[in-house]
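Student: I should like a close look at a single part of this protein, followed outward into its surroundings. Please take one residue as the starting point and build the picture from there.

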Amino acid sequence: MSFDQSRQTPDARVERTTAEEIGRATIAAVVDDFYGRIQHHPTLAGPFGIVHDWPAHKAKMTHFWWLSLGGRPYLDYRYEVMPKHAAVGVTAALVDDWLALFETVVHAHVEAPALADAWLFRARRMGDSLRLVEAYYRRKRERGDTPSLAHRAL
Ligand code: HEM
């Protein structure tokens, strides 16, 4: 039985090879630039004040995007994205700011529009999940539960 490639969406075709096509060096450059800018950002610098080892954070995030874009793991690290962001106090407005900055930086480094779009598609989807984290803890607070993960009000 032959495989009908015309049934694949363009996004699925791009996503399978996005990590290799962008390349680890460019992913690392985006991460470096992005977190460099975050440290001076009017709304994002504050929450990121808890990061003390920037080289370690950048190495972790380069690996995270490499994996998210279809690359094979090369670090032994277990990500806990949702609990960590609940603890940081992520809000929908901060997610919007994060994504706006990320979009600027990705476009500054990734020339091919299809590759930039594939990466930004992934980032926006994660942003949607993070907005749900905020909504989840807001509902918990409204019910009077004490959020177990958030160490400050969202
Ligand atoms: C789509 C948007 C975002 C993505 C894809 C993203 C992704 C990630 C990932 C993968 C980690 C590593 C988690 C781990 O070590 O297990 C991380 C850490 C972190 N993120 Fe985000 N993030 C986003 C938005 C935000 C926003 C809006 C904020 C705050 C305003 C934020 C603040 C942080 C901080 C402070 C850490 C370090 C946490 C720690 O080391 O304990 N992130 N992020």
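Tutor: Setting aside neighbours within four places in sequence, Trp119 is in contact with Thr18, Ile22, Leu69, Val106 and Val110. The model is a predicted one, and the contacts of Trp119 are read from it in that sense.

Two of these partners recur in the largest nonpolar core, which holds 14 residues; Ile22, Ile27, Leu69 and Trp119 are the members that touch the most others. At least two residues of this core come from each of α2 (18–22), α3 (24–38), α4 (54–68) and α7 (113–142). The largest share, five residues, is supplied by α3. Another core lies apart from this one; it has nine residues, including Ala86, Val88, Leu94 and Val133.

Trp119 also takes part in the packing of α7 against α6. From α6, the residues Ala92, Val95, Leu99, Phe102, Glu103, Val106 and His107 meet a set in α7 made up of Ala116, Trp119, Leu120, Ala123, Arg124, Gly127, Leu130, Arg131 and Glu134. By class, the residues of this contact are 10 nonpolar, two polar and four charged. As for geometry, two packed helices are described by the angle between their axes and the distance between the axes. For α6 and α7 the angle is about 170°, and the axes are 10 Å apart. An angle over 145 degrees counts as roughly antiparallel, and α6 and α7 are therefore roughly antiparallel to each other.

The same two helices lead on to the ligand. Two or more residues of the shell around the ligand are given by each of α4, α5 (81–88), α6 (92–109) and α7. The shell comprises 22 residues, of which Pro47, Leu94, Trp98, Met126 and Gly127 come nearest to the ligand. Gly127 is thus named both here and in the contact of α7 with α6, while Leu94 is named both in the shell and in the core of nine residues. By class, the shell has 17 nonpolar residues, two polar and three charged.

The wider setting is helical: the protein chain has seven helices and zero strands, in the order α-α-α-α-α-α-α along the sequence. Of its 154 residues, 20% count as buried. Where contacts in the chain join residues at least 6 apart in sequence, 75% of them link residues at least 24 apart.

Terms used:
Residues are numbered from 1 along each chain as its sequence is written. This is a predicted model: local features need pLDDT of at least 70, side-chain atom pairs count only at pLDDT 80 or more; totals for chains, interfaces and linings use all residues. Helices (H or I, at least four residues) and strands (E, at least two) are DSSP runs, numbered from the N terminus. A residue is buried if 20 or more other C-beta atoms lie within 10 Å of its own, exposed if 12 or fewer, and partly exposed in between; C-beta atoms are placed from the backbone. Two residues are in contact if their C-beta atoms, placed from the backbone, lie within 7 Å. A nonpolar core is a set of buried Ala, Val, Leu, Ile, Met, Phe, Trp, Tyr and Cys residues joined through C-beta atoms within 7 Å. A residue is near a molecule or strand if its C-beta atom, placed from the backbone, lies within 6 Å of it. Ala, Val, Leu, Ile, Met, Phe, Trp, Tyr, Cys and Pro count as nonpolar, Asp, Glu, Lys and Arg as charged, and the others, Gly among them, as polar. Axes are lines fitted to C-alpha atoms, for helices over the stretch in contact, and angles run from 0 to 180 degrees between N-to-C directions. Angles under 35 degrees count as roughly parallel, over 145 as roughly antiparallel, 65 to 115 as roughly perpendicular and the rest as oblique.
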